[in-house]
Each structure stands twice: as C-alpha cells, then as structure tokens.
Amino acid sequence: MTTSQPLADCLFCRIVAGELPSEEVASSDEAYAFRDINPAAPSHVLIVPRRHLTDAAALEPGDSELLSALFSLAQAVATSEGLSGGYRLVFNVGEDAGNTVPHLHLHVLGGRPMAWPPG
Ligand code: 5GP
Ligand code: ZN
C-alpha cells in the first residue's frame, strides 16, 4: 500500500486540508468530493482520496479499500446529484489523457447525454 503524506504543494491535498476553498458535495473518512471549478457537464464532481496518490497508475494491490471508498462516494454523489439517467466516471492518467492535477481524482460527470468516444 502507498503511504504518501499530504504534499504541501499539491492543489488537491491543500483542498482536502481546507487550506484552499472548495464546494463540498460529500465526504467520508477516506475520500472527499467537491465540485469541479470548470464543470464539463451540469454536474461535475471530483472525488479524491484524502491521502496523496499521484494517479491511477500509482495504485497498488493494497489500495483496494481506498478504491472502494472512492466508488462508494461516487455512488452517493450520483444519488445526491439526481443522476438517475446515468453518469460517467473518469480517471485521466498522463499527458495523453489530459491529466492536469497530479493527485488521484475520479470525475463524476452527469446531467446531460455523454458522447462516445470521448474527445
Ligand atoms: P484532470 O484534467 O487532471 O483529470 O482534472 C483536473 C480537474 O480539476 C479539472 O477538471 C479542473 O477543472 C479541476 N480543477 C483544477 N483546479 C481546481 C481547483 O482549484 N478547484 C476545483 N474545484 N477544481 C479544480
Ligand atoms: Zn495531493
């Protein structure tokens, strides 16, 4: 299991710590959900682990509980956001996928029909 500490210069570590403002949507012991500052859909929520992990490529077999916590919070967010018609869950990994913030985050996007394949 990865045991990284919060990074002083990590944007999402600072949001989780309350050092930077965010609009909370849901919260658990392991994870925190907040609205994306530049929403790509009517409902766009980011779910981050409270402890720092760089991205999905850094996950290890011992991180299964943490992953489960992320998806549990995603289910709660989908319900509270009223996304009964469906929604999309996205992990961007690396430059080609457009990953910009190097702290693992699960995008929850909904409130409109989603095209496939994504851009
Ligand atoms: P990525 O492109 O790395 O998968 O997603 C990063 C997401 O973080 C983007 O959708 C971007 O709009 C969002 N974001 C970047 N900075 C902030 C911020 O300071 N606050 C919030 N709430 N979202 C942010
Ligand atoms: Zn971080």
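## Ligand shell, pockets and cavity

Three elements, helix H1 (11–16), strand E2 (31–35) and strand E3 (43–49), each contribute two or more residues to the shell around ligand 1. Helices (H or I, at least four residues) and strands (E, at least two) are DSSP runs, numbered from the N terminus. The model is predicted, so local features need pLDDT of at least 70 and side-chain atom pairs pLDDT 80 or more, whereas totals for chains, interfaces and linings use all residues. Residues are numbered from 1 along each chain as written, chains are lettered from A and ligands numbered from 1 in written order, and side-chain values use heavy atoms, without hydrogens and water.

**Exercise 1. Describe the shell around ligand 1 by its residues, elements and classes.**

Step 1. Ligand 1 is surrounded by 17 residues, with Arg35, Asp36, Asn99, Thr100 and His107 the closest; a residue is near if one of its heavy atoms lies within 4 Å.

Step 2. H1 provides the largest share of this shell, three residues.

Step 3. Sorted by class, the shell around ligand 1 holds eight polar, seven nonpolar and two charged residues. In this scheme Ala, Val, Leu, Ile, Met, Phe, Trp, Tyr, Cys and Pro are nonpolar, Asp, Glu, Lys and Arg are charged, and the others, Gly among them, are polar.

**Exercise 2. Identify polar contacts to oxygen atoms of ligand 1, and state how much of the ligand the protein covers.**

Step 1. A polar contact is a pair of N or O atoms within 3.5 Å; within protein, one must be able to donate a hydrogen and the other to accept it, and residues adjacent in sequence count only if both atoms are side-chain atoms.

Step 2. On the backbone side, an N or O atom of Thr100 is 2.7 Å from a ligand 1 oxygen.

Step 3. Two histidine side chains also take part: a polar atom of His105 lies 2.9 Å from an oxygen of ligand 1, and an N or O atom of His107 lies 2.8 Å from one.

Step 4. Of the 520 Å² of accessible area that ligand 1 has on its own, 81% is covered by the protein (Shrake-Rupley method, 1.4 Å probe; for residues, only the protein chains shown count as cover).

**Exercise 3. Determine which pocket ligand 1 occupies, and characterise that pocket.**

Step 1. On a 1 Å grid over the protein atoms alone, a cavity is a set of points where a 1.4 Å probe fits but cannot get out; a pocket is an open set with protein on both sides within 12 Å along at least five of seven lines, and lining residues have an atom within 4 Å of a point.

Step 2. Ligand 1 takes the space of the second largest pocket (the criterion is more than half of its atoms within 2 Å of the grid points).

Step 3. This second largest pocket contains about 320 Å³ of space (volume filled by probe spheres on the points, which are joined across faces, edges and corners). It is lined by 19 residues, and Leu11, Phe12, Phe34, Ile37 and Leu46 are the closest to its centre.

Step 4. The largest share of the lining of the second largest pocket, three residues, again comes from H1.

**Exercise 4. Characterise the largest pocket and the largest cavity.**

Step 1. The largest pocket holds about 380 Å³. Its lining has 16 residues, with Arg88, Val90, Asn92, Leu109 and Pro118 nearest the centre.

Step 2. Strand E4 (87–90) and strand E5 (106–110) each give two or more residues to that lining.

Step 3. The largest cavity has a volume of about 40 Å³, and its lining includes Asn92, Asn99 and His105.
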